[in-house]
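I opened the notebook to record what I looked up, chain by chain and contact by contact. The entries follow the order in which I turned to each topic.

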Amino acid sequence: MAFIGLLTLVLIALPHGLSYSQREILVVLTINILVVSSYRLLTLTGEWSLGHVVMMGVGAYASALYSKEWGVPVPISMIIGALTAGLVAWGLSFPLFRMKGFYFLIGSFAAGEIIRLLWKRFRDPFGGPKGIKRIDPFPDIDLGFIRIDFFDPVNYYYFTLIIVVLCLVILWRIEKSLIGLTFHAVHWQDKLAESAGVNVRDYRTLALVISSTFAGLAGTLLAHYIGTVNPNGFDIEQMVFVLTWAIVGGTTTLYGPIIGCITLTALNEIVLRELGLEQGRPLIYGLILIVSVLFMPKGLEDVVKRGVAWAQLQIVKERTNGV
Amino acid sequence: MQTGLNALFAAAYLSLVAVGLVLIFGVMGVINFAHGELFMLGAYVVVALYTNLQMPFVLVVAIGLIFVGLVGILMEFTMFHPLRDNPLGGLVASIGFLMVIQASITIGFGVRMEHVPPVTQDVIILSEKVRLPVQRLFVILSAFVCLTALWLFLKKTKFGWALRASAQDPEAAMLQGISTRTVSIIAMFIGAALAGVAGSVTAPVISVSPVIGHSVIVSAFIVIIVGGIGSLEGAVLASVTYAFIHTVITTFIDGVIADIVGLSLMLLVLIIKPTGMFGTQDRV
Amino acid sequence: MESKILKVNDLGKQFGGIKAVNGLSFVVKEGHIHGLIGPNGAGKTTTFNLISGFYKPSQGSVRLFDEEISGLGMYRVARKGVIRTFQHSTLFAEMSVLENVLVGTHMMFKPNFLAALIGNERAIRDQAIKRSREVLEFFGLESFTSNLAGELSHGHQRTLGMAVAMASNPKILLLDEPFTGMNPEETQSMMGLMAKLRDSGMTLLLVEHDMTAIMGLCDRITVMNFGKLLTEGKPLEIRNHPDVIEAYLGTRNHAT
């Protein structure tokens, strides 16, 4: 409880100690946490997709178009944008879940690339290679006595923080529910799960749709903040970053991917940017990916687990010594 | 006719890359995502030694072959061997390696496109409308020579036999006294070297940049899926088919549509028959 | 009173040109322990997989009471009340014993997405846990509730496999070589559990290749050889049937 209180204070105070550009990065980081956490939900069923970032893009494009072309108010366009991503994922589940494992990985990559190339090819309505510009921003909120301007990264940070925390609570609940248990069952022994009456394909589809919906929501959060989307923003390189966060952090706990995302973003923004090594960013990322697969296959979460276990042991020791 | 020649040229370098990819997958059971980057490395060997240092082109190609082959062995030692029991891990590590190579080349050479001066400007004029630049003919011939050599190696030599045996059944191969480790190293060298040669001989015809690996690996994936993972003949056959379809669509409609068609084709094959149209074995 | 719960009629399965099962017919009566035996390669496991929906038959039918269930797919067959176990220790090794059985209650207590979303799952979850604990108690596994399934001994793992299957309250339980790899004591306690299940009214169909183990247990035995029905009858009739003795002795000496 004290930990949660402290965390809340830190999260609220955080943007005030940062520069303007760092605040903008903080917004993107918060959004990325949702991307990687929703990705993890799919990995619970044992399938690894390479199309997750494209699903994020589907949400971003959809919300941008709904608000720009049809005049849908932005908060509503964001919700239906996210749902659009879920719907597209549902459609893709029919071909993709005829495959498993490695074939699913490649299949999801192909499906994602096709979507991305469609954005690139069709100038109307997707804007071609340059994408969509001047997307409507999230509207200001005027409460009379106070006016919240979401162009300000601090305000937008608080807004995304609330949304993302809400989403994380939902993801947490899903995982701890009987549905989450069934996801695990599908992962570890799909034949045994099936013999218990589990429709394995439906559960895989459910995981894909939920994770894609949240990825889509993350996409809408990004689109209405930076005001532009383009096909290259959702390419395989971005996907590799998400994959890296998940693998470096570990995927057996909810916090694993989040730790991975925060650690690598901090490393990237603080260390590499300060050292002027921006060109070397993929180099370092690549090395970290290789090294963590080789030497830390259980991810950073395992380090945290061991740390906590060690701390508990120390406390117990101290108490027994005191007695 | 001209389109057919263009397609043949594309099929030539694509089949070199794809065959290498299949070979590595067959023997080691891992998909090398960095294979497109090995192609790109081959092209940069030409940029460094031929464009910049003016060494003879044929020698440079030979160096490209050996250099990239050695990079392949490096990958085997640092990643694929330690991760041999973890196929997903090997795949992810190869993605990491991809980023490392790409970034290293970007730092060393810059992101801009390199123009490699053609070795020869000669053009064989087959008819009024059909022209075949000798440089392209050279790519086609190299592919033909390399693939024939590989075929002879696999069918006629002891190592080739060992390689095929361990691709089909690693345990049986081990019982026969074949060192799977040696076979892995050889497969990695050949697989990588083929991609390197493809990059080297193609470099003067295309614009070389650090990101060319991407489109190559995507095409190669399409080809090995359509050709049937694990089938070398299938990979060659699919390369020719794919290159022809892709070139025709690029010529008459546009390149992005051609890519979409290619990817859809791959998805279709995955839906209908995940082991590919010509595939015989399924290792995953 | 003994109604026919499962009717297998003219069942067949071809793999390539090989007929693994060829025109097999037999009937399982409610409340029986029915054995399906035969030498190696007789087609028992294929038959088992055909009944449980793992394979689609090339010919013939499988009826549960009067409903056709062949070719439905495994989870649909399961939903009709025909639940199978697996050879070896197929379990969710990384999950706790209780969680394993909870997955088994999947059909009785369907997870509800909306309830999970708003965190209002308590009621259904408590019921599922209650059911799981009852099943664990029946099988004598209650002291392992929070252990990981992978940590259990071989005998306990096989028992847990049966508990997972029984958690869904099936109409008929299919057991795939339940005694493989067990020591005599484990075999003994497994036989006790089966008798206990029959006494509670459950119907069991078990595939076994070791004849002696199930002689004293089964009410009726179907013997297969080369994909076909060899003979059927009470254990004593089977034990002394000349064709059965020949089939076993003629291939490999397993009868003694």
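**Sheet in chain C.** I began with the open sheet of chain C in this predicted model, whose 6 strands run in the order E6-E7-E8-E3-E9-E10 with mixed pairing. I noted that its edge strands are E6 (82-84) and E10 (228-233) of chain C, each of which pairs on one side only, and that the twist averages 20° from one strand to the next. I then looked at one pairing in detail: strand E7 (residues 172-176) of chain C and strand E8 (residues 203-208) of chain C run in the parallel sense and are joined over 5 bridges. Within that pairing, I found Leu174(C) opposite Leu205(C), a residue of E8(C).

**Which chains touch.** I next asked which of the pairs of chains in contact share the most contacts. Of the 2 pairs in contact, it is chains A and B that share the most. For chains B and C I found no contact at all, and I wrote down that their closest C-alpha atoms lie 15 Å apart.

**Chain B against chain A.** For the contact between chains A and B, I listed 34 residues from chain B and 32 residues from chain A. On the side of chain B that touches chain A, helix H4 (87-109), helix H9 (212-227) and helix H11 (255-272) of chain B each supply at least two residues, and H4(B) has the largest share, with 15 residues. By class, I recorded that this side of chain B divides into 27 nonpolar, 6 polar and 1 charged residues.

**Chain A against chain C.** Turning to the other contact, I listed 21 residues from chain A and 30 residues from chain C. On the side of chain A that touches chain C, the elements giving two or more residues are helix H7 (153-176), helix H8 (178-188) and helix H9 (190-195) of chain A, and H8(A) gives the most, with 7 residues. I classed this side of chain A as 12 nonpolar, 7 polar and 2 charged residues.

**Helix H8 of chain A.** Since H8(A) had come up in that contact, I checked how far it is covered. I found it mostly covered, with 8 of its 11 residues buried, and these are Leu178(A), Ile179(A), Leu181(A), Thr182(A), Phe183(A), Ala185(A), Val186(A) and His187(A). I then asked what covers the buried residues of H8(A). The cover includes H7, H9 and helix H10 (200-226) of chain A, together with helix H3 (97-104), helix H4 (113-117) and helix H5 (122-138) of chain C.

**Helices H11 and H13 of chain A.** I also looked at a helix pair within chain A, where H11 (residues 236-249) and H13 (residues 281-295) pack at an angle of about 35° with their axes 10 Å apart. I noted the crossing of H11(A) past H13(A) as left-handed. H11(A) makes the contact through Thr244(A), Ile247(A) and Val248(A), and H13(A) through Tyr285(A), Ile288(A), Leu289(A), Ser292(A) and Val293(A). I sorted the residues of this contact into 6 nonpolar and 2 polar, with no charged residue.

**Confidence in chain A.** I closed with the pLDDT of chain A, whose mean is 89, with 98% of its residues at 70 or more. Among the elements of chain A, I found the lowest mean pLDDT, 79, in strand E1 (residues 141-142) and the highest, 96, in helix H3 (residues 52-69).

Definitions and conventions: Residues numbered from 1 in each chain as written. Chains lettered and ligands numbered in written order. Predicted model: local features only at pLDDT ≥ 70, side-chain atom pairs only at ≥ 80, totals over all residues. Axes fitted to C-alpha atoms, helices over the stretch in contact; angles between N-to-C directions. Helix = DSSP H or I, 4+ residues; strand = E, 2+ residues; numbered from the N terminus. Left-handed = near helix turned anticlockwise from the far one by under 90°. Contact = placed C-beta atoms within 7 Å. Nonpolar A, V, L, I, M, F, W, Y, C, P; charged D, E, K, R; others polar. Pairing = 2+ DSSP bridges. pLDDT = per-residue confidence, 0-100. Buried ≥ 20, exposed ≤ 12 C-beta atoms within 10 Å, placed from the backbone.
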